[in-house]
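Biologist: I would like to learn how to read a fold like this one, step by step. Could we look at it together?

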Amino acid sequence: FSGAHREQRSTRLLRRQIELQNDLRLTLGSDSVCMPGWIPASSDQIDIVSPASWSTFFQRSSVDAILAEHVWEHLTCEEGKVAARNCFQFLRPGGYLRVAVPDGFHPSQDYIDQIRPGGSEVGAEGHQVLYNHLSFAEAFSNAGFRVRLIEYFDSDGVFHANQWDVSKGMVNRTLLFDERNVSQPYAYTSLVLDAF
């Protein structure tokens, strides 16, 4: 009963937050770190690989923006593709998705050892996939999105960063905002993209 009660309370809370917002901007996979004006949605509220779960809260083509920082690596490759298609279907025309995952082309072996599936970083035991900018962009392109890479390493270990508007979705684990980069540049970066 306590689990069902907690789920009902969680569902009611998310519904209430949605009702209070003019713009539907979701932060997926996080119920603690969320920018003002964004609605946090944890995995016990929305199963991002289930269209029925999305339909519980939203009409198709109704969501303005989606942010998912370090969520997709916890899905299998196939689940990641399904989740991308669901986001595409529930975003309104002109909406966007900002997504960040650990970067499989990061040149540091220590970084790779930490973030790879089963790696030593806290939470890495749940990682299913290690994406690079090519495989990650393809997952969203195949879902119908136009993709713009924001931050990533290429296959030669060269870092690329394009200007991005933080107000459209803050990604903390990036070159500019991750505190680990203060003492050691590029110690922790993410592969970040916008999908339109």
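Biologist: Let me start with a detail: which residue is the bridge partner of arginine 148 in β7?

Modeller: That partner is aspartate 194. Before going on, please keep in mind that this is a predicted model. The pairing you picked belongs to strand β5 (residues 147-153), which joins β7 through four bridges in the antiparallel sense.

Biologist: Which residue stands opposite aspartate 194 when we turn to β4?

Modeller: Arginine 98 does. Strands β4 (residues 91-102) and β7 (residues 190-195) run antiparallel and are joined by six bridges. On the β3 side, arginine 98 is the bridge partner of leucine 67; β3 and β4 run parallel, again with six bridges.

Biologist: How do I put such pairs together into a whole sheet, and what is the strand order here?

Modeller: You follow the partners from strand to strand. Here they give an open sheet of seven strands, ordered β2-β1-β3-β4-β7-β5-β6, and the pairing is mixed. β2 (39-41) and β6 (159-161) each have a single partner strand, so they form the edges and one side of each lacks a neighbour in the sheet. From one strand to the next, the twist averages 20°.

Biologist: Which helix packs on the sheet, and which strands does it touch?

Modeller: Look at α3 (residues 77-90), which touches β1 (25-28), β3 (63-69) and β4. The direction of α3 makes about 150° with that of β4.

Biologist: How should I read the two faces of a strand?

Modeller: In a regular strand, side chains alternate between the two faces of the sheet. In β7, Ser190, Val192 and Asp194 lie on one side, with Leu191, Leu193 and Ala195 on the other, and all of these are buried. Since six of the six residues of β7 are buried, the strand is largely enclosed by the rest of the structure. β4 is mostly covered too, with nine of its twelve residues buried.

Biologist: Aspartate 194 and arginine 98 are charged, so to speak of the pair again: what do their side chains do?

Modeller: They meet in a salt bridge, at 2.7 Å from N to O. This pair links distant parts of the chain, with aspartate 194 in strand β7 and arginine 98 in strand β4, 96 residues apart. To judge the setting, compare relative accessibility with the cut-off for buried, which is under 20%. Aspartate 194 has 4%, so it counts as buried, and arginine 98 counts as buried at 2%.

Biologist: How many salt bridges are there in total?

Modeller: The count comes to six. Another one joins the side chains of arginine 173 and glutamate 69, at 3.0 Å from N to O. Arginine 173 sits in the loop between β6 and α6 (180-183) while glutamate 69 belongs to strand β3, so this pair ties together parts that are 104 residues apart in sequence. Arginine 173 is partly exposed, at 28% relative accessibility, whereas glutamate 69 is buried, at 15%.

Biologist: And which residues are linked in a network of salt bridges?

Modeller: Glu121, Asp178 and Arg180 are. Within that group, the side chains of glutamate 121 and arginine 180 meet at 3.8 Å, N to O. Glutamate 121 lies in the loop between α4 (109-115) and α5 (133-141), and arginine 180 lies in helix α6, 59 residues away. Glutamate 121 counts as buried at 15% relative accessibility, while arginine 180 is partly exposed at 38%.

Biologist: Let us finish with a charged residue outside the salt bridges. Is glutamate 73 buried or exposed?

Modeller: Glutamate 73 is buried, yet has no salt bridge. For such a residue, look for the nearest side chain of opposite charge: here this is arginine 173, 5.8 Å away. A salt bridge would need a distance within 4 Å.

Biologist: Where is glutamate 73 found, and what does its side chain join in a polar contact?

Modeller: Glutamate 73 is in the loop between β3 and α3, and its side chain makes a polar contact of 3.4 Å with that of histidine 70. Leaving aside neighbours within four places in sequence, the residues in contact with glutamate 73 include Ala100, Val101 and Pro102, as well as Gly126, His127, Gln128 and Val129.

Definitions and conventions
Residues numbered from 1 in each chain as written. Predicted model: local features only at pLDDT ≥ 70, side-chain atom pairs only at ≥ 80, totals over all residues. Heavy atoms only, no water. Pairing = 2+ DSSP bridges. Helix = DSSP H or I, 4+ residues; strand = E, 2+ residues; numbered from the N terminus. Axes fitted to C-alpha atoms, helices over the stretch in contact; angles between N-to-C directions. Contact = heavy atoms within 4.5 Å. Buried < 20%, exposed > 50% of the residue type's maximum accessible area, 1.4 Å probe, protein only. Lys, Arg positive; Asp, Glu negative; His and termini not counted. Polar contact = N/O pair within 3.5 Å; in protein donor to acceptor, adjacent residues only side chain to side chain.
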